[in-house]
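Welcome, and thanks for joining this tour. Please open the structure in your viewer, keep the selection box handy, and follow along one stop after another.

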Amino acid sequence: MREISFIILLILLNLSVSSQSKVHGSIIDLHHDLKLSIAQGLKYLDNTQRKETILGSSFKGEWPTYMCLERSFFYLGSKKDIDDSNCFSVASTHNSLANIYLAFPEYDIIPNMLDLSFEKIMTYKNGNKFNFWNLLSPNRKLKKDDIISEQGLVRRPTNYNLKSKYINNAANIAEDADDTALGYSAIALRGKYKKDSSFTKSSISPIFEEYRDVNRNNRHWYNYINGNDHETGAYLTWLTTEYQFKNWNIIKVIGHNATFFLPFSECYPHAYKPYLPYGSNDLDGVVNANILSTLAFFDELNSEGVEQAIKFIEKKSKREKYDKVGIYYPNRYHFPYSVCKAYYNGVDKLESSIDYLLCYLKDKQNEDGSWSAKRSLNRKDKLQSTAYALSSLIYVGRYEELGTIKPIENAIDYLFRNSINNEQGTHWEGGVFFSGGTVIRNILTWKSDAYTTGIILEAFAHYRKHLEEKNSDLVNL
């Protein structure tokens, strides 16, 4: 009887050890695959980063990004994908690389990419603000008496040929809070990886405090229709003065939008004057989250507007209409991504919003580990959606407590299966990360393989760090 009991005990112990070996083995495999993907992904980003400026075409330090017209549209032309330089794309990719390097300084391929991209980011700075586009010579006459080659500089797409005077003048946009936040985030991160605190000595909060949703004589029709937001105290998108009504009402706004082509309309752009789209400033949930992230980097979360922005984000998180929260961000997972990133960066008071977002993310994951955008957005945009949703779960952390390990690892597996591997390295096909907003938010979009790859690699790096912290033996593998 004792012999039988001993044999049974041995069998049980063997099963237990075997089970533990399998689990440990799967962790080793996952860790190995993450490391390989990160290394090969960085190789791709290094190979595709532009090392020289081609005058009038592309710029040193950036990565290929495409301005995509999904179908023919009035004033914009016919369906096309055109290479475009912009601050949002290069700053976002720089910031992903900086976070990877801060976690793993062993990746010595990164610093040169950071130096090149940071130099390019700074060219978008105008005074203490950043713009979306480069300051370039106009590619046509903008006034009747213009003399070609003697015109002033304007903001415009690099290669997308805008034909009419109207649309060229409308492209000459003012500085905005979103690119300004990303630019200053790049500055703060550079201070971290250079170990130089002087990068964050200046106060940046006054830049954003000046443009808030308080005491306004205007409101954006999109905000009115999709939430009736008014006097929220949250941050506005554009860092410029908006059109002033004596007595605002939605009927007047409709009238101005219906006569957008006439000089008296608030929507009308004037030559060589920075343009505020539609003449009305707007409230955007993604923009507010990005501002909070940047203020956290600069230790300025006691600034005016922070509490109001947090309340605005919480309201939008609770409603779950995430594809409408960001005027310029049609992907429903971009809002959770930006909010969870702000939380990760130190905006602790977003905790209530995080609870709503986590429930939403867990509920919306597909069986194959992916997440999907609406059908109308880039054929459901599964890769981009998954990049955002996975990053959101990883930014929040506390994986065991929140039960997110399985959703995270299923998403990682989906991304492994859908990577593109060639002689340049590993990358993922870029989805929609930005749009023209409002009526063209699903028509005029921006995509970049580098942007999407950067986000995925950063998520992989954070999860690699988690695995190594839980299993110290992995560090030496």
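**Stop one: a residue in a helix.** Before you click, keep in mind that this is a predicted model. Now select N223, which you will find in helix α7, spanning residues 221–225. Is N223 buried or exposed? Its relative accessible area is 7%, so N223 is buried. Show the side chains around it: setting aside residues within four places in sequence, N223 is in contact with N228, D229, D282, L283 and I327.

**Stop two: two rings.** Stay in the 221–225 stretch and select W221 and Y222. These two form an aromatic pair. Their ring centres are 6.0 Å apart and the planes stand at 70 degrees to each other, an edge-to-face arrangement. W221 is buried, at 18% relative accessible area. Y222 is buried too, with a relative accessibility of 6%.

**Stop three: the loop before α7.** Step back along the chain to N215, in the loop between α6 (205–209) and α7. Colour it brightly and look at its backbone: N215 has a positive phi of about 50 degrees, although it is not a glycine. With a relative accessible area of 70%, N215 is exposed.

**Stop four: aromatic rings.** Next, show every Phe, Tyr and Trp side chain. How many aromatic pairs does the count come to? The count comes to 37 aromatic pairs. For one of them, select F132 and W446: their ring centres lie 5.5 Å apart and their planes meet at 90 degrees, so this pair is edge-to-face. Trace the chain from one partner to the other and you will see that the pair links distant parts of it, with 314 residues separating the two. F132 sits in the loop between β4 (129–130) and β5 (135–136), while W446 belongs to strand β10, residues 444–447. Both partners, F132 and W446, are buried.

Now widen the selection to F88, F132, W133, W238, Y328, Y329, F433, F434, W446 and Y451. Ring pairs join these residues into a cluster.

**Stop five: lysines over rings.** Select K80 together with Y160. K80 lies over the face of the Y160 ring, 5.1 Å from its centre. Then move to K465 and F104, where K465 lies over the face of F104 at 5.0 Å from the ring centre.

**Stop six: packed helices.** Switch to a cartoon view. Two packed helices are described by the angle between their axes and the distance between the axes. Select helix α10 (residues 306–319) and helix α13 (residues 351–364): they pack at an angle of about 20 degrees, and their axes are 9 Å apart. That angle makes α10 roughly parallel to α13. The crossing of α10 past α13 is left-handed. To see what touches, show I310, I313, E314, S317 and K318 of α10 alongside S352, S353, Y356 and L357 of α13, which make the contact.

Keep α13 on screen and add helix α14 (residues 382–396). Here the angle is about 135 degrees, and the axes are 11 Å apart. That makes α13 oblique to α14. α13 passes α14 in a left-handed crossing. The contact is made by I354, L358 and L361 on the α13 side and by A389, S392, L393 and V396 on the α14 side.

**Stop seven: the loop after α10.** Find E320, located in the loop between α10 and α11 (322–325). E320 has a phi near 65 degrees, a positive value in a residue other than glycine. Its relative accessibility of 38% makes E320 partly exposed.

**Stop eight: a pair of contrasting residues.** Select A289 in helix α9, which covers residues 285–297. At 0% relative accessibility, A289 counts as buried. Leaving out residues up to four places away in sequence, A289 touches I313, S338, V339 and A342. Draw a distance line to S338: the two C-alpha atoms are 5.7 Å apart, with their positions 49 residues apart in sequence.

Finally, select F74, in the loop between β1 (66–69) and β2 (80–83). Is F74 buried or exposed? F74 has a relative accessibility of 56%, so it counts as exposed. Draw one last line from F74 to D176: they are 102 residues apart in sequence and 25 Å apart in space, C-alpha to C-alpha.

Key: Residues are numbered from 1 along each chain as its sequence is written. This is a predicted model: local features need pLDDT of at least 70, side-chain atom pairs count only at pLDDT 80 or more; totals for chains, interfaces and linings use all residues. Side-chain values use heavy atoms; hydrogens and water are left out. Rings of Phe, Tyr and Trp (its six-membered ring) pair if their centres lie within 6.5 Å; planes under 30 degrees apart count as stacked, over 60 as edge-to-face and the rest as tilted. Helices (H or I, at least four residues) and strands (E, at least two) are DSSP runs, numbered from the N terminus. Buried means under 20% relative accessible area, exposed over 50%, partly exposed in between (1.4 Å probe, protein chains only). A charge sits over a ring if NZ of Lys or CZ of Arg is within 6 Å of the ring centre and within 35 degrees of the ring normal. Axes are lines fitted to C-alpha atoms, for helices over the stretch in contact, and angles run from 0 to 180 degrees between N-to-C directions. Angles under 35 degrees count as roughly parallel, over 145 as roughly antiparallel, 65 to 115 as roughly perpendicular and the rest as oblique. A crossing is left-handed if the near helix is turned anticlockwise from the far one by less than a right angle, and right-handed if clockwise. Contact means heavy atoms within 4.5 Å.
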